[in-house]
Amino acid sequence: MSQDLLDRIDQRTRLAGHNRLALLLFRLGSRQLFGVNVFKVKEVLQRPPLFTLPQLPKAFAGAADVRGRSVPVLDLARAIGHGDDEPGEPRYLVVTEFNRTVQGFLVAGVDRIVNIAVEHIQPPPDLGGEHHYLTGVARHQGELIQLIDVESVLAESAPRGSDLGTLVPMAANGAPRQVLVVDDSRVARNQIRVVLEQLGLEAVLLSDGRQALDHLQALARNGEPPEERYAMVISDIEMPSMDGYTLTTEIRRDPALRSLFVLLHTSLSGVFNHAMVERVGADDFVPKYSENELAQRVSARISTFG
């Protein structure tokens, strides 16, 4: 079943840019369905033997040999504090690639792949606990699906060091000092905010594309050109309500917004993103996550003013 699921992933890539999201659904030892973007999934395997590596953080269950490569493995249920009401070890390994790294997540069962209109994905409830790791919730054929923020899970299980040195604040050269940041991951929003603040810029943080588009259009309706408020828009691609591709397309379609500089910033890997960036009319694209590379791109944009 797992191989059949993964064989269909390539067919789902055509959904991107149409404000739809393809999700691999899985379970963590209960009836609750969870989902992760299939673009982050390399393959699904029956649970392989795990071995220890001395450099692995304590949160990891071990490492697995996946096609000759040692892949660090997290027990996802334990990592998010999900109560396990079914005894036994997780049976499947979901191998993922995002933020320029490869890692595996142990799950109890793999269900199927579905595609959902992004506008049907709602923000998660603010209840703490495991909900801390959700980017959204949706219903499909009567079942509740919780979308896991795997970026946050990995960031807390294996904190990474910053590659950012000491930055010199950008000179006041006539450029707007605010940057609109649109990302559904709280980890990503905070990472970007830190870079911008070190550059002497102010980050305005929003969590999905629909919020961002409404905000920008409201500015324009009130007589304030958005390009005079914001030096640029930094947007994630996969988000609830409206994805980054669609947000960029809507910005380019709106005469009051189309001059905004848009940088797409995503954890998804592969050349596919570069083709989509050109197609929707974004000005730049940076894969997550290198603080240094992001700082360079922002600095280059600010230097064009004046």
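Helices here are DSSP runs of H or I with at least four residues, numbered from the N terminus. The exercises below concern salt bridges in a predicted model.

**Exercise 1.** Determine how R210 and D214 are placed relative to each other in helix 6, and whether each is buried, exposed or partly exposed.

Solution.
- The side chains of R210 and D214 form a salt bridge, with N and O 3.8 Å apart; the cut-off is 4 Å.
- Both belong to helix 6 (residues 209-221) and are four residues apart, so about one helical turn separates them.
- R210 has a relative accessible area of 37% and is partly exposed.
- D214, also at 37%, is partly exposed.

**Exercise 2.** Find which parts of the chain the salt bridge between R100 and E293 ties together.

Solution.
- In this salt bridge the closest N and O atoms of R100 and E293 are 2.7 Å apart.
- R100 sits in the loop between strand 6 (92-98) and strand 7 (101-107), and E293 in helix 10 (residues 291-302), so the bridge joins parts 193 residues apart in sequence.
- Relative accessibility is 43% for R100, which is partly exposed.
- E293 is at 19%; buried means under 20%, so E293 counts as buried.

**Exercise 3.** Locate D236 and K288, and state which network includes them.

Solution.
- The side chains of D236 and K288 meet in a salt bridge of 3.6 Å, N to O.
- D236 is in the loop between strand 13 (230-235) and helix 8 (244-253), while K288 is in the loop between strand 15 (284-287) and helix 10; they are 52 residues apart.
- Both D236 and K288 are buried.
- A network of salt bridges links them with K40, E151, D183 and E238.

Conventions. Residues numbered from 1 in each chain as written. Predicted model: local features only at pLDDT ≥ 70, side-chain atom pairs only at ≥ 80, totals over all residues. Heavy atoms only, no water. Helix = DSSP H or I, 4+ residues; strand = E, 2+ residues; numbered from the N terminus. Buried < 20%, exposed > 50% of the residue type's maximum accessible area, 1.4 Å probe, protein only.
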